[in-house]
Amino acid sequence: MRKIVYGFLIVCALSGCSQKEYIDDAEDDAPLIADVKIPRTVFNSTKKNQTLNKEEMKRSIQTYLDSDEKLERASEPFEDNIYDGEKLSKSESKKLNRINKLIKENDESFSQYISNNTLPEGYQEESERISRYITASNEYIHELNTIIDKVSDGDFSKLNIGSLIEKNGVVNGKEQKKIEAFLDKENIQTIAFGRVGTK
């Protein structure tokens with residue numbers, strides 16, 4: 001996930017660790033802002049007090065993860081411009097705000113869905129792990145953007161990034177591997193995490 005790479009770069013810069021292994025990943029070509037297409041729909045369900053079967057849960061997890069990945073890809077050109085010190089136009093800011101609103105809607109809807117219904121055996125813990133990971137990842141990049149906006153001279157050492165490091169405890173390779181192992185076990189196809197799945 002590209003947004004996590006940016007987070008690692010900032011945290012690494014602050015902690016003095018080597019950035020070399022992350023730099024190549026961060027140099028992927030992203031589309032231009034003019035080419036960005038915002039997904040029309042995200043995960044949305046008003047179901048409550050229902051017993052969900054495996055097939056429905058697989059579709060729900062796929063929709064949630066695919067929606068997050070598409071929104072992340074859509075936000076990349078905006079993030080690139082911001083990190084390069086370029087200002088967004090009014091229309092670009094409006095577009096980015098729309099993406100951020102959909103990300104929040106996607107996260108909140110999935111979280112409520114898995115909290116308000118009875119999930120199939122083996123799905124409750126893993127669905128909560130997925131929800132926690134993706135939501136923390138999205139909050140992480142939002143806070144990172146806020147921090148970057150506050151720094152005018154590029155000196156990140158002046159800022160307290162405790163909350164970022166705390167979220168970094170949830171958003172890590174170990175948790176991602178657990179999620180991917182579950183997706184493989186249940187044969188849930190998704191484009192998230194750079195996986196080949198439904199386009």
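**Exercise 1.** What pattern does the chain follow when read along the sequence?

*Solution.* The model is predicted: local features need pLDDT of at least 70 and side-chain atom pairs count only at pLDDT 80 or more, while totals for chains, interfaces and linings use all residues. Residues are numbered from 1 along each chain as its sequence is written, and side-chain values use heavy atoms, with hydrogens and water left out. Helices (H or I, at least four residues) and strands (E, at least two) are DSSP runs, numbered from the N terminus. The chain contains seven helices and zero strands. Its pattern is therefore α-α-α-α-α-α-α.

**Exercise 2.** Determine how the end-to-end distance of helix H3 relates to its expected span.

*Solution.* Helix H3 covers residues 54-83, which is 30 residues. The expected span is 1.5 Å times one less than the number of residues, which gives 44 Å for H3. The end C-alpha atoms of H3 are 41 Å apart, in agreement with that span. H3 nevertheless bends by about 35 degrees at Glu-76 (the angle between axes fitted to the seven residues ending there and the seven starting there). Pro-77 follows within four residues.

**Exercise 3.** Describe the two ends of H3 and its burial.

*Solution.* At the N-terminal end, Asn-53 acts as a cap, with a side-chain oxygen 3.2 Å from the backbone nitrogen of Glu-55. After H3 comes Gly-85, with a positive phi near 80 degrees. Of the 30 residues in H3, 22 are buried (under 20% relative accessible area, 1.4 Å probe, protein chains only). For the chain, buried residues make up 46% of the 199 residues.

Definitions and conventions:
Buried means under 20% relative accessible area, exposed over 50%, partly exposed in between (1.4 Å probe, protein chains only). A polar contact is a pair of N or O atoms within 3.5 Å; within protein, one must be able to donate a hydrogen and the other to accept it, and residues adjacent in sequence count only if both atoms are side-chain atoms.
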